[in-house]
Amino acid sequence: QARAVLPAAVRALAPDPAGLLATRLHGDLHLGQVLVAIGDAQLLDFEGDILPGAALGAALGRRRAKGSAWQDVAALLHSLDRAAAVAAATEESATATAAPTPRRTALIAAWRAAAEEAFLSAYRTTWEAEAGTLPPGAAAALDLFRIEEAASQVLAEAESRAAWLHVPVLALAEAAARLRPDTGMSATDE
């Protein structure tokens with residue numbers, strides 16, 4: 001069913017670039033790039049992700065290119081998905097039994113949802129304090145970049161970590177469910 005929903009959703013979500021700002025991107029933002037100390041957070045490693053076999057000139061050009069900040073937001077949200085999946089897998093191996101209990105699964109899902117909401121809420125609050133209201137296409141842009149991030153992670157996991165392929169596939173399925181035409185919702189509407 002996601003195969004039918006996602007292509008139409010991508011076409012519908014394509015934002016009007018006039019309403020969005022282009023800025024320098026981190027390019028490889030994930031929880032491992034965030035240093036938290038004494039109530040503050042610093043983002044590390046701004047050189048971005050270099051694709052294997054990419055020419056240095058092309059990689060530098062890609063790093064200098066500007067894009068939507070929602071790309072980095074989508075990447076960090078995917079990192080929360082991965083952290084929850086790692087917690088579940090760690091729980092499975094630690095118990096040496098089949099799968100985590102329903103209570104543990106629910107706690108991991110609740111943490112993931114709370115972490116996403118806290119991050120998005122802080123991002124919105126900071127944006128509004130600095131620049132006023134979010135641009136009109138912000139919700140659609142975030143949904144679009146979340147789909148893009150999950151799709152690129154499907155390729156990356158399929159190439160090198162097939163055991164983790166379920167994480168981006170689940171993100172695509174969740175995007176399809178969230179963006180079904182019958183719901184009329186986008187990620188930030190919920």
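Start by selecting L13 in this predicted model. Leaving aside residues up to four places away in sequence, L13 touches A140, D143, L144, I147 and L179.

Now widen the selection to the core that L13 belongs to: V5, L6, A9, L13, L144, I147, A150, A171, L172, A175, A176 and L179. These twelve residues form the largest nonpolar core. Which helices supply at least two residues each? Color helix 1 (2-13), helix 5 (138-160) and helix 6 (166-178), and you have them.

Next, pick V73, L77, L120 and A138. They are among the eleven residues of another core, which lies apart from the one you just left.

L120 is your way into helix 4, so to speak; select residues 102-131. How far apart are the end C-alpha atoms of helix 4? They sit 43 Å apart, and that agrees with the 44 Å that 30 residues should span at 1.5 Å a residue. Show side chains along helix 4 and look for the buried ones: I108, R112, A115, E116, L120 and W127. An α-helix has 3.6 residues a turn, so residues three or four places apart point the same way. Step just past the end of helix 4 and click G132, where phi is positive, at about 90°.

Finally, zoom out to the whole chain. Cartoon view gives you six helices and four strands, running α-β-β-β-α-β-α-α-α-α from the N terminus. Of the 190 residues, 31% are buried. If you draw a contact map and keep separations of 6 or more, 66% of the contacts join residues 24 or more positions apart. Switch on the surface last: the accessible area is about 11,400 Å², with 61% of it on carbon and sulfur atoms.

Terms used. Residues numbered from 1 in each chain as written. Predicted model: local features only at pLDDT ≥ 70, side-chain atom pairs only at ≥ 80, totals over all residues. Heavy atoms only, no water. Core = buried A, V, L, I, M, F, W, Y, C linked by side-chain atoms within 4.5 Å. Buried < 20%, exposed > 50% of the residue type's maximum accessible area, 1.4 Å probe, protein only. Contact = heavy atoms within 4.5 Å. Expected span 1.5 Å × (residues − 1). Areas by Shrake-Rupley, 256 points an atom, 1.4 Å probe, with all protein chains shown as cover.
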